[in-house]
Amino acid sequence: MREKVRQLFGRAIEKAVIEGALPEEARAIEFAVDSPRNPAHGDFAVNAAMILAKAAKKPPREVAQILLDHLVDEESLLRTKEIAGPGFINVRLDPAFFIRELRRVEEEGERFGHVNVGKNERVLVEYVSANPTGPMHVGHGRGAVTGDAVSRILAAAGYDVTREYYVNDAGGQITALARSTWIRAREIYREAHPDAAFEEGPTELGEDDYKGEYIKDVARAVMGGWSEEETREILRGPFEPHRDRIAREAVAVVLEQMIKPDLELLGIRFDSWFSETSLHESQAVDRAIEDLEKRGFVETKVLPPPKGFARDESEVDERPQLVFLSSQFGDDADRPLRKSDGTFTYFAGDVAYHWDKLQRGYQRLINVWGADHAGYVPRVRAAIQAMGRSAEDLEVILVQMVNLLKNGQPVKMGKRSGNFIRLRWLLDEVGKDAVRVFFLMRRNDAMLDFDVDLAKTQSKDNPVFYVQYGHARCASILRKAVEEGHARPSFRPEHAQYLTMPEEIELAKGMLGFPEVVAAAARTREPHRIVFYIQEVTALFQHYYEAGKRKGEKVISEDLEKTAARLYLIHCVKQVFANALALLGVSAPERMERLEEEGE
């Protein structure tokens, strides 16, 4: 709709230039077509006259009149047009236009709402990337849903999207997982073989080890792949000779038996699972650092202690380290790439990972991280710039924490999880759709209170019920129409003669605005805009439904032409609801218990 108005005024400018009423440079001027804050002012406000005034050397209102004099509305799109204020042109569209435009919903079907603002730009969205050291917690879940919804919206907006999970299967946390698994496995073995002799080694979990009871599950699964002879050798002897094998097998168990099943339940998928270990094995870390070194952004030097870090001078490491000069790109300090003992830092792996992303030809990188990683953003952006790219080529979406409430009280952490609330518990409690809607109903950078009891209720106070309610009610009406012998709804131009209630026009306007909402959500990377949109259209639909009952204008009546037109309107509403819910990864139910009880 907005684009049609823009094209009308674009042609008016062109015509005015050809006829000498406006200067040649008017052709290149960009103008806006916005929705007025006050609906009484019309459907759209055009600021073209105000933008053109300087080039035309005329007052904006005079330029506005020139535009109206050269406006050719062959489709009779505009019902009214008037000059307002300092030079805005307010236009109101012919209500019949909105009804006629609904044919697009039928023609495009599941693709209605898809736009091409991305122009096939290659985008890599990296999200979740939870360390493979245990089950996923609720915070991981919000990041997973955010990344998935952003990916869905970007794909619908014309971007070429790849979804990637970065598996942090290297470093100290993996060694801690292996050691924790080994110690738990020894405990299990000792219970079955109380007389077994063990060489010296840790018998209890240390401060940096993983203490959740789930580690016993990991240990049992890992031991299940060993022969009796291997079990005796690995558990009775020292840990170090078997560290890498246990680490590899423990990571596989966590990924395949804990992380991937939970993601599948949540409706999350990935195109690629990228291993951190592969960066080291392929020497990508060395190559990335060499690249930065050639560009002059790496040197060996002694780093000062971190700001505000108080310690005895004897503890200060004054040995030279390989350092990335990130302060040259606005970071507050230079960052070590290789420790003084010769091993790579965690940051070196991150540099290599982002270098590898760019080597794979992605034009834009989007990372979905927890808000606790905010301080890490400047150094990674600095690395992107040092690689010869713009800082804007890396976007980081920070996701805030989730507070779970049950019976009005914070949900307590379970012992089996180990100081966190498992995502699986929440999924079992309220289901996939509720988890996804609650996670997406607020801006990602806002704290979220998740009321578990509310998520399970069948009422309009429950946002999950509300966003699915409209689709289910439409399905109910259409089923009833079939039962009464009405034909399948389809578009006919004459529907505009019968859909004239103000509520019908507003509902049609709301539906036709869906592509613009998708475009805006894609540009801003804000999935909550889709949730808000569904809520708004549901409210318009409910208002229409109730207004029809009050006025004696039901959807299905004895007037067959009016019934056919209204059934087509309902058919379109149902399609738009389904398309919007699909962008959230939420199901579009044909039936809901509450509606069945109401006999609809």
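Two strands pair if DSSP finds at least two bridges between them. Keep that idea in hand as you look through these close-ups of a predicted model.

**Figure 1. Strand 9 sits in the middle of an open sheet with the order 8-9-10.** This sheet has 3 strands, and its pairing is antiparallel. Strand 8 (298-301) and strand 10 (335-338) are the edge strands, each pairing on one side only. On average, neighbouring strands here are turned by 45 degrees against each other, direction ignored. As a bit of background, strands of a sheet pair through backbone hydrogen bonds, either parallel or antiparallel.

**Figure 2. A look at the bridges of strand 9 (residues 321-324).** How many bridges join strand 8 and strand 9? There are 4 bridges, and the two strands run in the antiparallel sense. You can find two of the partners yourself: Lys301 is matched with Gln321 in strand 9, and Val298 is matched with Phe324. Turn next to strand 10, which pairs with strand 9 over 3 bridges, again in the antiparallel sense. Here Phe324 has Arg335 of strand 10 as its bridge partner.

**Figure 3. The side chains of strand 9 point two ways, and helix 13 lies across the strand.** In a regular strand the side chains alternate between the two faces of the sheet. See how this looks in strand 9: Gln321 and Val323 point one way, while Leu322 and Phe324 point the other way. Are these four residues buried or exposed? All are buried. Helix 13 lies across strand 9 and strand 10, and its direction is at about 85 degrees to strand 10.

**Figure 4. A second open sheet has the order 14-13-15.** It is made of 3 strands, and its pairing is mixed. At the edges are strand 14 (409-410) and strand 15 (448-451), each of which pairs on one side only. Strand 13 (residues 402-406) meets strand 14 in the antiparallel sense over 2 bridges. In one of these matches, Leu405 has Pro410 of strand 14 as its bridge partner. Helix 16 (residues 432-440) packs on the sheet, where it touches strand 13 and strand 15. The direction of helix 16 makes about 150 degrees with that of strand 15.

**Figure 5. Helix 9 (residues 228-236) has a buried side and an exposed face.** Which residues of helix 9 are buried? They are Thr231, Ile234 and Leu235. These three cover an arc of only 85 degrees around the axis, so they sit on the same side of helix 9. Glu229 and Glu233 are exposed, and they are carried by the face turned away from that buried side. What do the buried residues pack against? Their partners are helix 7 (172-192), helix 8 (214-223) and helix 10 (243-265).

**Figure 6. Helix 8 has buried residues of its own.** They are Tyr214, Ile215, Val218, Ala219, Val222 and Met223. Helix 7, helix 9 and helix 10 are among the elements that cover them.

**Figure 7. Phe274 meets residues from other parts of the chain.** You will find Phe274 in strand 7 (residues 272-275). Its relative accessibility is 12%, and because buried means under 20%, Phe274 counts as buried. Phe274 and Tyr165 are 109 residues apart along the chain, yet their C-alpha atoms are separated by 6.1 Å. Leaving aside neighbours within four places in sequence, the contacts of Phe274 are Glu164, Tyr165, Tyr166, Val167, Leu279, Tyr353, Asp356 and Arg360.

**Figure 8. Glu526 is a buried residue in a loop.** The loop lies between helix 20 (514-524) and helix 21 (528-550). With 12% relative accessibility, Glu526 counts as buried. Not counting residues up to four places away in sequence, Glu526 touches Arg443 and Ala521.

**Figure 9. The largest pocket holds about 1,300 Å³ of space.** Its lining is made of 48 residues. Which of them lie nearest its centre? Look for His137, Gly139, His140, Asp372 and His373. Helix 6 (138-156), helix 13 (346-359), strand 11 (364-370) and strand 13 each supply at least two residues of the lining. Helix 6 gives the most, with 5 residues.

Key:
Residues numbered from 1 in each chain as written. Predicted model: local features only at pLDDT ≥ 70, side-chain atom pairs only at ≥ 80, totals over all residues. Heavy atoms only, no water. Buried < 20%, exposed > 50% of the residue type's maximum accessible area, 1.4 Å probe, protein only. Contact = heavy atoms within 4.5 Å. Arc of directions from axis to C-beta. Axes fitted to C-alpha atoms, helices over the stretch in contact; angles between N-to-C directions. 1 Å grid on protein atoms, 1.4 Å probe; cavity = no way out; pocket = protein on both sides within 12 Å on 5 of 7 lines; lining within 4 Å. Points joined across faces, edges and corners; volume = space filled by probe spheres on them.
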